[in-house]
Amino acid sequence: MQSAELEVQAHQLQHDLQKMMRRFGRQCRGMGTVFVTLVRQTETQLLERGRQVLPLAQAVQERLHSMPQLLEDQRARLDTQLTAALEAYHWIESQSRRLTQGKALTHCKIVNAYDPTIAPICKGKSNCPAQFGRKPGIIAEPAAGFIFALHLPVGNPSDASYVEPLVDNVEQAIARVRTRPTPAIHSLAGDLALNDAALREVLHERGILTVGIPKTVDPLPPSPTPEDVLRILDETDLHHIRTPSQVHLAYACGYSRPVVESSIASLLCRGAGHLTYKGHRGAIVQTGMAVMAHNAATLVRIHQYRLSKRARTFRRRLRLRCRKVNQGNASIN
Amino acid sequence: MQLLRYLQHWLTRRGPGFQVADFVPETHPIRQWADTFPWAALVAAVDRSFAQRFPKPSTRGRPPVSTRVLLALELLKQELTCSDEQICSRLRTDVAVMYACGITEVQVDRAQEHFVLPEVLAQFRRRLDEPLMAELLAIQAATAMEDGLVSPAHLVVDTFPSEQGSQRVNDAATLYKAQKKSSSSSRP
């Protein structure tokens with residue numbers, strides 16, 4: 001089939017499909033509701049006419065490989081785009097069919113034809129509810145808000161699924177530390193979304209206390225009784241790794257929404273709440289850069305000791321030091 | 001030659017030169033911010049990753065714009081909430097941005113428009129990927145831990161929503177909404 005012929009067919013097909021959708025729109029206009037029968041009729045017509053899309057696309061793909069005037073990278077780029085479009089077509093078709101048949105959609109539904117990694121985000125935290133987008137996860141220290149790792153999965157999985165990759169990333173960072181004693185993760189806190197028995201088990205096996213993850217909506221006591229400390233160490237079987245003072249500190253750190261909000265707000269003002277880079281990789285790059293910029297600003301605050309009372313107390317208890325920013329690093333160039 | 005003039009102006013050795021560090025006070029926020037990064041380790045990680053994934057077939061051709069400059073620009077872009085064009089423009093005129101990008105000495109040349117073109121920054125960004133970003137973050141965290149500034153002993157995990165793309169409202173949508181609103185409000 002010649003290129004010109006393919007082009008004519010594609011234009012004709014596009015015109016017909018647009019005409020059908022226009023007719024559908026006109027029939028629905030002013031009704032204030034969409035009739036299921038009408039939707040199903042239109043679906044049948046669209047599928048009947050749209051059946052030609054797939055063979056047409058395959059013909060174009062074949063034609064693409066036999067065009068000598070195209071450069072190699074140009075051909076590869078077009079081929080990739082066409083393959084992605086064909087794959088997206090299959091996903092969208094199956095999703096639309098489920099809808100027209102009155103079936104519920106699966107968890108990760110497609111909301112953008114050009115980027116299947118975007119998902120509906122049903123959370124309104126940080127005063128910025130996003131209907132469709134991504135849900136990055138961060139793991140930070142609660143004293144100053146330094147973010148150790150970032151995880152940005154495809155779609156919108158449960159919050160509990162973020163923990164293991166984030167802890168893995170922190171351990172990779174710890175493995176790079178050359179000073180002794182090597183730091184270690186003692187405890188992990190989170191909101192009620194992380195309250196998962198399997199996750200607690202995994203964290204205990206790693207030697208991490210989970211007292212900061214609540215089991216109910218009731219707030220954690222600021223300091224546990226000696227009996228509570230012993231009970232926690234017994235339950236988690238971490239006698240040999242964790243000390244009672246570490247349990248006390250884990251309780252004190254707990255999960256504080258304002259502390260987390262401050263880190264998130266800092267990221268949002270650095271553009272992490274509005275992703276402009278394309279695709280999943282672009283989102284990771286943009287959020288990653290925002291996290292690094294935030295961390296640098298946090299380190300400046302630590303150097304200058306511009307910290308909250310709470311942060312200062314935790315730093316003292318964790319025996320973290322503070323030095324002036326230009327003391328040991330006079331020139332970076 | 002034109003590209004060389006546009007991209008690596010400070011290497012052309014024309015006009016009187018000045019030391020960038022002399023112009024930026026030690027208390028300047030961008031200087032303090034830039035001083036916290038372990039630049040050598042970060043640049044080495046980026047160069048290693050690029051060399052593995054995008055091997056150069058030949059050593060011929062113009063030397064590329066320094067990774068140090070591009071990485072700093074990308075970070076500054078987030079810190080200062082700029083576009084590619086804005087941050088590249090600031091690099092030309094803002095001495096603090098030059099300092100953050102690791103430029104030590106600059107030759108004064110009024111005719112010069114850009115140090116780095118926004119397209120070059122976009123090309124650099126296109127090469128960054130997930131493992132590299134995780135590595136860069138790990139390097140930054142490890143350096144902070146080594147310096148005794150932060151501790152991973154007690155951590156907190158949370159997620160936040162971020163919307164993808166620009167949510168532009170076009171004229172047609174605004175008009176449609178306005179008409180709909182006025183018609184619904186005029187109903188008894």
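Reader: How many ångströms separate the centres of domain 1 and domain 2 of chain A?

Author: In this predicted model, the centres of domain 1 and domain 2 of chain A, taken over C-alpha atoms, are separated by 45 Å. Domain 1 covers residues 3–100, and domain 2 covers residues 125–317.

Reader: Which helix of chain A holds Arg63(A), and what does Arg63(A) touch?

Author: Arg63(A) lies in helix H3, residues 53–65 of chain A. Leaving aside residues up to four places away in sequence, Arg63(A) touches Ser3(A) and Leu6(A). Sequence separation and spatial separation can both be stated for a pair of residues: Arg63(A) and Ile174(A) are 111 residues apart in sequence and 53 Å apart in space, C-alpha to C-alpha.

Reader: Why does Arg63(A) count as partly exposed?

Author: The class follows from a count of neighbours. Arg63(A) has 13 C-beta neighbours inside 10 Å, and therefore counts as partly exposed. A residue is called buried if 20 or more other C-beta atoms lie within 10 Å, and exposed if 12 or fewer do.

Reader: I should like to turn to the sheets. What is the order of the strands in the open sheet of five strands?

Author: Strands of a sheet pair through backbone hydrogen bonds, either parallel or antiparallel. Here the order is E4(A)-E3(A)-E3(B)-E5(A)-E6(A), and the pairing is mixed. At the edges stand strand E4 (147–151) and strand E6 (209–212) of chain A, each pairing on one side only. On average, neighbouring strands of this sheet are turned by 25° against each other, direction ignored.

Reader: How many bridges join E3 of chain A to E3 of chain B, and which residues are partners?

Author: Strand E3 of chain A, residues 137–140, is joined to strand E3 of chain B, residues 154–159, by four bridges, and the two run antiparallel. Ala140(A) has Val156(B) as its bridge partner, while Ile138(A) has Asp158(B).

Reader: What lies between E3(A) and E4(A), and in which sense do these strands pair?

Author: E3(A) and E4(A) pair in the antiparallel sense over four bridges. They form a hairpin with six residues between them, and in the turn Gly145(A) has a positive phi of about 95°. Ala140(A) stands opposite Ile147(A) in E4(A). Ala140(A) thus appears twice in this account, as it also has the bridge partner Val156(B) in E3(B).

Reader: Which residues of E3(A) point one way and which the other, and are they buried or exposed?

Author: From E3(A), Gly137(A) and Ile139(A) point one way, whereas Ile138(A) and Ala140(A) point the other way; all are buried.

Reader: What is the strand order of the open sheet of four strands?

Author: The order is E1(A)-E2(A)-E4(B)-E7(A), again with mixed pairing. Strand E1 (119–120) and strand E7 (274–275) of chain A are at the edges with a single partner strand each, so one side of each is left without a neighbour in the sheet. E1(A) and strand E2 of chain A, residues 132–134, run antiparallel and are joined by two bridges. Within that pairing, Ala119(A) has Gly133(A) as its bridge partner in E2(A).

Reader: How many residues of chain A are in contact with chain B?

Author: The size of an interface is often given as the accessible area lost when the parts come together. Here it is described by residues: 85 of chain A are in contact with 50 of chain B. Helix H10 of chain A, residues 279–304, gives the largest share of the chain A side, 16 residues. That side divides into 53 nonpolar, 19 polar and 13 charged residues.

Reader: What does the secondary structure of chain B come to?

Author: Chain B has ten helices and four strands. Along its sequence the pattern is α-β-α-α-α-α-α-α-β-α-α-β-β-α. Of its 188 residues, 37% count as buried. Among contacts in chain B between residues at least 6 apart in sequence, 83% join residues at least 24 apart.

Reader: Finally, at what angle do the axes of helices H7 and H8 of chain A cross?

Author: The axes of helix H7 (residues 226–236) and helix H8 (residues 244–253) of chain A come within 10 Å and cross at roughly 100°. This crossing makes H7(A) roughly perpendicular to H8(A). Val229(A), Ile232(A) and Leu233(A) of H7(A) make the contact with Pro244(A), Val247(A) and His248(A) of H8(A). These residues divide into five nonpolar, one polar and no charged.

Technical notes: Residues are numbered from 1 along each chain as its sequence is written. Chains are lettered from A and ligands numbered from 1 in the order in which they are written. This is a predicted model: local features need pLDDT of at least 70, side-chain atom pairs count only at pLDDT 80 or more; totals for chains, interfaces and linings use all residues. Axes are lines fitted to C-alpha atoms, for helices over the stretch in contact, and angles run from 0 to 180 degrees between N-to-C directions. Angles under 35 degrees count as roughly parallel, over 145 as roughly antiparallel, 65 to 115 as roughly perpendicular and the rest as oblique. Two residues are in contact if their C-beta atoms, placed from the backbone, lie within 7 Å. Ala, Val, Leu, Ile, Met, Phe, Trp, Tyr, Cys and Pro count as nonpolar, Asp, Glu, Lys and Arg as charged, and the others, Gly among them, as polar. Domain bounds come from an automatic or database domain assignment. Two strands pair if DSSP finds at least two bridges between them.
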